[in-house]
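Got your viewer open and a selection tool ready? Let's walk through this one stop by stop.

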Amino acid sequence: MAQDDPRTLVSTEWLAAHMKDPDLRVIDASWHMPAAKRDPKAEYETAHIPGARFFDIDEISDLRSDLPHMAPPIEKFMSRMRAMGVGDGHQVVVYDTNGVNSACRVWWLFRLMGQNDVAVLDGGLPKWQSEGRAIEDMAPIIRDRHMTVRRQNHLVKDVTQVSSASKLGDYEIIDARSAERFKGEVDEPRAGLRSGHIPSSKNVPFPTLLTSDGTMKDPDTLRTVFEDAGVDLSKPAITTCGSGVTACILALAMERFGKTDYAVYDGSWTEWGAFPTLPIATGEA
């Protein structure tokens, strides 16, 4: 697979070469854990890649749920994208201020809504700025465009489906959190959650998929990382994490090496860890 793939991951060089394409739409999908006390929208307004729109992961979500940033209803996604001037026929490139962390969540949301012409910017804004490329603080000019949405339900799992997979072992459940959180050796960053992991799940901490400069490793190496973690790649996969954000990094990584039978557990540990009736495991997988 070529490094630059407009349906998965593109380099800063690729984006720079396509910046004037009339149907290119760039999205800033920056998001931070509440404890970071950072305002991604304010940071976007101060500096962003030229023409970028801001995607508010917490707002473009299902606000009827008590869980954070759950996937939004299709009507809400369509209306928000129209307001951002993103629609049918556009090539979307998503980035964030950390590298590829939350950008992968928005890449997955577009996929969930049946939109395939979307890629994550490899290395994100840090790499773009380290290369001396242009940034601006101007709001983009928005022109409405309709988006046709066809929700791909196979790309998301709920707690009942994950519970069944944990018991039956017919899926590989892969956790993107740190080894310490997976093993239950430290408290969860969100108050009130138990520590540990979903029984029968495997641990692939998302930083193990990235190089020292925050870019994603090559496809062959990505596959090896999963295999070294004991993941049986012949089974379909369910990815999970703290709240469904970094689980999408695992999804993108699998897509990069050609594994397409995956889904994201949207509620992730924020849901599983809150319910005392759901079993947990500690220690190694």
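Our starting point is where two helices cross, and the crossing of α8 and α9 is left-handed. Keep in mind as you look around that this is a predicted model.

To see the crossing, select residues 219–228 for helix α8 and residues 247–256 for helix α9; the two pack at an angle of about 120°, with their axes 8 Å apart. That angle makes α8 oblique to α9.

Now show side chains. Which residues in α8 meet α9? Pick Pro-219, Leu-222 and Phe-226 on the α8 side, and you'll find them meeting Leu-250, Ala-253, Met-254 and Arg-256 in α9. Colour this contact by residue type and you get six nonpolar residues, no polar ones and one charged.

Next, the open sheet. Five strands form it, in the order β6-β10-β9-β7-β8, and the pairing is parallel. Select 156–157 for β6 and 202–203 for β8: these strands stand at the edges with a single partner strand each, so one side of each has no neighbour in the sheet.

Stay in this sheet and select residues 172–175, strand β7, together with residues 237–240, strand β9. Four bridges pair them in the parallel sense. Zoom in on Asp-175, and you'll see that its bridge partner in β9 is Thr-240.

Time to move to another strand: select residues 24–28, which is β2. Is it mostly covered or uncovered? Mostly covered, with five of its five residues buried. Here's a handy rule for looking at strands: in a regular one, the side chains alternate between the two faces of the sheet. In β2, one side carries Leu-24, Val-26 and Asp-28, the other carries Arg-25 and Ile-27, and all of these are buried.

What are the neighbours of β2? Add residues 91–95 for strand β4, which runs parallel to β2 and is joined to it by five bridges. Then add residues 53–54 for strand β3, also parallel to β2 and joined to it by two bridges. Ile-27 is a good residue to centre on: it stands opposite Val-94 in β4 and opposite Arg-53 in β3.

Last stop: helix α4, residues 103–112. This helix is mostly covered, and ten of its ten residues are buried. Among them are Trp-107 and Trp-108, along with Arg-105 and Arg-111. Follow the chain past α4 and click on Gly-114, where phi is positive, near 85°.

Methods
Residues are numbered from 1 along each chain as its sequence is written. This is a predicted model: local features need pLDDT of at least 70, side-chain atom pairs count only at pLDDT 80 or more; totals for chains, interfaces and linings use all residues. Side-chain values use heavy atoms; hydrogens and water are left out. Buried means under 20% relative accessible area, exposed over 50%, partly exposed in between (1.4 Å probe, protein chains only). Two strands pair if DSSP finds at least two bridges between them. Axes are lines fitted to C-alpha atoms, for helices over the stretch in contact, and angles run from 0 to 180 degrees between N-to-C directions. Angles under 35 degrees count as roughly parallel, over 145 as roughly antiparallel, 65 to 115 as roughly perpendicular and the rest as oblique. A crossing is left-handed if the near helix is turned anticlockwise from the far one by less than a right angle, and right-handed if clockwise. Contact means heavy atoms within 4.5 Å. Ala, Val, Leu, Ile, Met, Phe, Trp, Tyr, Cys and Pro count as nonpolar, Asp, Glu, Lys and Arg as charged, and the others, Gly among them, as polar.
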